[in-house]
Amino acid sequence: MDAWFNTAYWWIFWIIFRTVPIGHLQLSPTFDPVSLIVNQPTTFKCTSDFGRPNPSIYWFKDNTTDDVADDINITAFSSTSTTGLNITISTLTFTPLKSDLGMRLYCSGNNGGPSVTSNIKPLINLLYGPTIPVFHFNGTNVDVALHALSGTQFVLRCTSNGNPHPSFTWTYSGGSAIGEELVIPEIKPLHEGNVTCLARNVMLSSSGETLTTHQAAAVFLHIDVPITQVALVGSNAQNAVLKENDTSTFECQSSPGKPPAIIHWYKDGGTKEIIEDDITLYEYNTTAMAEFSVKSVLKYQAKRLDNEMSIYCTASNVGPVFTSPQRSKLIIVSLPVIPEELAKTNIGANSVTLSWKYDSGNHIFPRFIIGMKESDSGWTERLLLDISTNSTRLSTTLTMLNSSSVYSVRMYAENSLGRSAPSPVVSFTTLSSSMTDSSQSLHSAQSTHVEPIIGSICGGTALGILLGTVGTWFVFVRKNRQKKGGCSACCISDKTNTYEAKISSTGDATYSSIDAASPVQREHYYDDTVAGRAQVPSNPVELEGQNVIVTSYENIDSGKLHRDHGSTTLRTANVMLYESLNQEGRHQEAYEMITTS
């Protein structure tokens, strides 16, 4: 009896207290994937079936590898309870992080038997708001400011990360838009200002919670306006006539543009087509004008070597480089250099040929003045007109010299600024009359025929500008004529034994006078109605041995020739100047030297 009792006792004890391993764990909620809002806590439950003893339940994040050893244990964030039916419930409060995106969540339990894993391992679909928008322009990220060219299509892209993917709203000066890209078909200056992109999304978790978030960013949009031209302006825009070492200014102005144009100055080598030898100039200042144009002022000091070069400017901002269509040609007027290698040849009884070298460079050819003295007399000067050129040497023949006389000569070069220092003195002795051929008669005053090189002297543009257009006529008459009264009417009161010069109305200067051996009375007059016209008969002679009276006329007003009454002066000098100017053409035509006793 006792034995049976003991057996029954142990049998009941085994039934009541024997181990019953769990076989199932239920995870809830049952969504797979499960949508969770980042940083928002969510509750999960893991429920076991009947088991004895009560199982231990653990929580893990599976980092999606096949090795369970690297799963992340998060049991510390859970709590466990048991019902009367030997059912165990574990509750996890899970706050997902952004790093949990793409992981799986599960629970695992054991109560002495084999380990049991929850029926599902849901994929964590992490919901998070948009990141701060990033701007992309022409393939480059921009974050502070950007520039767009006026008149072109403007495309700006905005990106932001978020789950779900955010939508985009644009606001800018002059309008608004939606979408990931802002497209303005033709950007204009009115669009300049802040461009704002707002990224927004709405998050709905598996638990039914809804959260709306947004992020915004702005970038400043500059509208660039390219310039269209640049030009030289002011009085020096075409030509600049300057004395050597004088300082002048040149102005260059660009058309309106944004940003302000950058202006550079250059001096070319006289070859517009070749820019490799152009010289950059640096003495200038630049001013941005109110209408977004730019003005630059160059300070320039004239140098002799710059003659016939040109000055120009360039400008650019965001487009091509523009060059001023005008180029200011430099006309540098400087004191002439000293004539070189003065030499005498062909010495006769009454004449000598002088030759010399002169290098004018690119400058206007000067006049040449010969200084001469006979023996111990004083120096006298005459302007040379009949000059010939041969290779690099110039030459002229002096006539009406005294035979068997010692002469000293020196040469000057002269222009509107003054004259050079004299050349070294050259001396010579003329031959005696008996040593010359009788056919070598005394020549008249130097021919008015002027070689091309002299034309350049008298017709130079810059010289004409600086000398002005005042002309002077000299009328030559004998000293021993009888004067009747003053010179109040015609400036030559005695028309007997006159020696006169004719200026043709065609502009070619020709000269004539009356034979000194047999003087004949001639009529002499000036026509006040036609400037630069005088009429006398043509009868060529020589004026040897005659002193002259000089009467001057000036072109004062309205292109007419006015008499300078009362200015006749008796001249006893050895050299007198006859100067002819065409007043209508304002062009210096010729000079003639007349030598008297």
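Across the whole of this predicted model, a search for aromatic pairs returns nine of them. One of these is formed by tyrosine 266 and tyrosine 312, which are stacked, with 5.5 Å from centre to centre and 25° between the planes. Because tyrosine 266 belongs to strand S23 (residues 262-268) and tyrosine 312 to strand S27 (residues 310-316), this pair ties together parts that are 46 residues apart in sequence. Tyrosine 312 has a relative accessibility of 5% and therefore counts as buried, the cut-off for that term being under 20%.

Another stacked pair joins tyrosine 407 and phenylalanine 428, whose rings are 5.7 Å apart from centre to centre, with 20° between the planes. Here too the pair links distant parts of the chain, since tyrosine 407 lies in strand S36 (residues 406-415) and phenylalanine 428 in strand S38 (residues 426-429), 21 residues apart. Both tyrosine 407 and phenylalanine 428 are buried. Elsewhere, Trp356, Tyr358 and Phe368 come together as one aromatic cluster.

Aromatic rings also meet charged side chains in this model. The ring of tyrosine 106 has the charged end of lysine 121 sitting over it, 4.2 Å from the ring centre, while arginine 419 lies over the face of tyrosine 412, at 4.6 Å from the centre of that ring.

The strands named so far belong to a protein that has 48 strands and three helices. Strands of a sheet pair through backbone hydrogen bonds, and this pairing may be parallel or antiparallel. One open sheet in this structure consists of four strands in the order S12-S11-S14-S17, with antiparallel pairing. Strand S12 (140-142) and strand S17 (181-184) are its edge strands, each of which pairs on one side only. On average, and with direction ignored, neighbouring strands of this sheet are turned by 30° against each other. Within the sheet, strand S14 (residues 154-159) pairs with S17 in the antiparallel sense over four bridges, and leucine 156 has leucine 182, in S17, as its bridge partner.

Turning to the protein as a whole, 40% of its 597 residues are buried. Among the contacts with a separation of 6 or more, 67% are between residues 24 or more positions apart. The accessible surface of the protein comes to about 30,600 Å², and carbon and sulfur atoms account for 52% of that area.

How values were computed
Residues numbered from 1 in each chain as written. Predicted model: local features only at pLDDT ≥ 70, side-chain atom pairs only at ≥ 80, totals over all residues. Heavy atoms only, no water. Phe/Tyr/Trp six-rings, centres within 6.5 Å; stacked < 30°, edge-to-face > 60°. Helix = DSSP H or I, 4+ residues; strand = E, 2+ residues; numbered from the N terminus. Buried < 20%, exposed > 50% of the residue type's maximum accessible area, 1.4 Å probe, protein only. Lys NZ or Arg CZ within 6 Å of the ring centre and 35° of its normal. Contact = heavy atoms within 4.5 Å. Areas by Shrake-Rupley, 256 points an atom, 1.4 Å probe, with all protein chains shown as cover. Pairing = 2+ DSSP bridges. Axes fitted to C-alpha atoms, helices over the stretch in contact; angles between N-to-C directions.
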